[in-house]
Amino acid sequence: MSIASPETLKGLMATYLKEVKGTNRIVSSSYKRILNKTLEMFAVDYPEYECLDNQKKILCTTYPTKIPLPHTASRRNQSSVKELYKLYEDSSNVRARTRFVVPVMSYKDKMICRSGSVLCDQPTENVKKDRMLLKKLKISTISNFMVYHRSNPSSKILVGLSEKEPEIKHIYSNVKLEKFPIRAVPNLKCFAGYNYDFTNFMYKQLETAGFLKPKIDLSQHLVAPNNDQNAPKHINFIKLVELYFERNIQILKDPNETGLLIHCLSGWDRTPLFISMIRLSLWADGLLHSHFSAEEMAYFLVSYDWYLFYHRLRRRLQEKSELIHFVVYMMQFLADSKFSLNNTPQRVRKLKFEQLYNEFIPGYSSILPLVKLNDPPIFKIEC
């Protein structure tokens, strides 16, 4: 196998950097080869998977042209793609950038899904159809990683099904909403500046006016800057991600939970950030992709969660926001068995995450010299 081919991580990263520039995806021969290889790998865990046809980009221009849908362990009462197609189509009309709710993995009988946020200017009937899809997928909890109630006062994006939209909120009233506000892209532009060591980096926007408030109690982890008790508190960025991740693992562990939807605004930055962490944790536990080597896991992670489901890699790297790198780096802090779904020992998880990191870095680093940084950076956050 050629080291520069799309079938290697180095080749995948080179194709990714070259082809994903705007929201109009290029369906090149390399794209098709990467898609076919990823589908082959997907079939290892889900041999009877069905594909949602998106080849004409009718459903979503930034989703894969063929969207593989996982099945649950028992497949009890699981609807077919044919039965759900209209609901997927309806959901695309309701969600930001038409990034509709789609399952991307499963744990036991629970679907783990991703999407963009809900558009608040949609007719109530359309929103009800989106809710019907969630019901079919048995989603019991939505994890919302957005920060504002609205992205700006005139925005059509609904953030967190807030109290300002009671009619829409009522439609989703039987689904639990967990709030995990975090600004990932602006803060991760500091990652390289900290020499890729974020252990002492402080997150400073947690108590910013207008931001959503997380449901989990963070009080014992908050720090007053310069001992000023009247100033908005800061929190260690790694600790914040740990707490958010742990809560999502608890949701999956809960026998009363039947499915999880993770979303942010557009569903292509924070969403894959946490989707990827969950996937890697399941892999380390031997509960998903257990036959994948570290090299194969690194490839599948980038191709499926980021490239095929769309993430603006070149633009983010130009902004110095290395989200994919951060995911692989972050897993060392999630090795403890308390983050495991089956109590896998820390030493086992840690070793797998180290192997993954060592396989990921050479292929990823090969594209960094090809990126011309924006000057000045688009996001201004004091590092």
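## Briefing: a helix-and-strand chain and its packing

Threonine 98 has a relative accessible area of 29%, so this residue is partly exposed, since that class lies between the 20% and 50% cut-offs. Please keep in mind as you look around that this is a predicted model. The protein chain holds 12 helices and 12 strands, and 57% of its 383 residues count as buried. Contacts often bridge long stretches of sequence: among those between residues at least 6 apart, 75% join residues at least 24 apart.

**Two loop residues with positive phi**

- Threonine 98 sits in the loop that runs between α3 (81–94) and β3 (102–107). Its phi is positive, about 60°, although the residue is not a glycine.
- Lysine 138 also has a positive phi, near 60°, and is likewise a residue other than glycine. You will find lysine 138 in the loop between α4 (124–136) and β6 (141–144).
- Lysine 138 counts as partly exposed because its relative accessibility is 34%, which is over the 20% limit for buried and not over the 50% limit for exposed.

**A buried loop residue**

- Methionine 146 belongs to the loop between β6 and β7 (157–158). With a relative accessibility of 3%, methionine 146 counts as buried, because buried means under 20%.
- Methionine 146 and serine 117 are 29 residues apart along the chain, and their C-alpha atoms are separated by 8.7 Å.

**Helix α3**

- The 14 residues of α3 reach 19 Å from the first C-alpha to the last, close to the 20 Å expected at 1.5 Å a residue.
- Buried positions in α3 are Val81, Leu84, Leu87, Tyr88, Asp90, Ser91, Ser92 and Val94. An α-helix has 3.6 residues a turn, so residues three or four places apart point the same way.
- The partners of these buried α3 residues include strands β1 (50–53), β2 (66–69), β3 and β5 (118–119), along with helix α4.

**Helix α12**

- Helix α12 covers residues 346–365, and its end C-alpha atoms lie 28 Å apart; this agrees with the 28 Å that 20 residues should span at 1.5 Å a residue, because the expected span uses one less than the number of residues.
- Arg349, Lys352, Phe353, Leu356, Phe360, Ile361, Gly363 and Tyr364 are buried in α12.
- The buried residues of α12 pack against five helices: α1 (9–19), α8 (270–284), α9 (294–308), α10 (313–318) and α11 (323–330).

**The nonpolar core**

- The largest nonpolar core has 123 residues, and Phe198, Met277 and Phe326 touch the most other members. Helix α9 gives the most to this core, with 11 residues.
- Which residues is methionine 277 in contact with, leaving aside its neighbours within four places in sequence? They are Val241, Phe245, Phe326, Val327, Met330, Met331 and Leu334.

**How α8 meets α11**

- Two packed helices are described by the angle between their axes and the distance between the axes. For α8 and α11 the angle is about 35°, and the axes are 10 Å apart.
- The α8 and α11 crossing is right-handed.
- On the α8 side, Leu273, Ser276, Met277 and Leu280 make the contact; on the α11 side, they meet Leu323, Phe326, Val327 and Met330. By class, the residues of this contact are 7 nonpolar, 1 polar and no charged.
- Met277 and Phe326 therefore appear both in this helix contact and among the core members with the most touching partners, where core members are buried residues joined through side-chain atoms within 4.5 Å.

Terms used:
Residues numbered from 1 in each chain as written. Predicted model: local features only at pLDDT ≥ 70, side-chain atom pairs only at ≥ 80, totals over all residues. Heavy atoms only, no water. Helix = DSSP H or I, 4+ residues; strand = E, 2+ residues; numbered from the N terminus. Buried < 20%, exposed > 50% of the residue type's maximum accessible area, 1.4 Å probe, protein only. Contact = heavy atoms within 4.5 Å. Axes fitted to C-alpha atoms, helices over the stretch in contact; angles between N-to-C directions. Left-handed = near helix turned anticlockwise from the far one by under 90°. Nonpolar A, V, L, I, M, F, W, Y, C, P; charged D, E, K, R; others polar.
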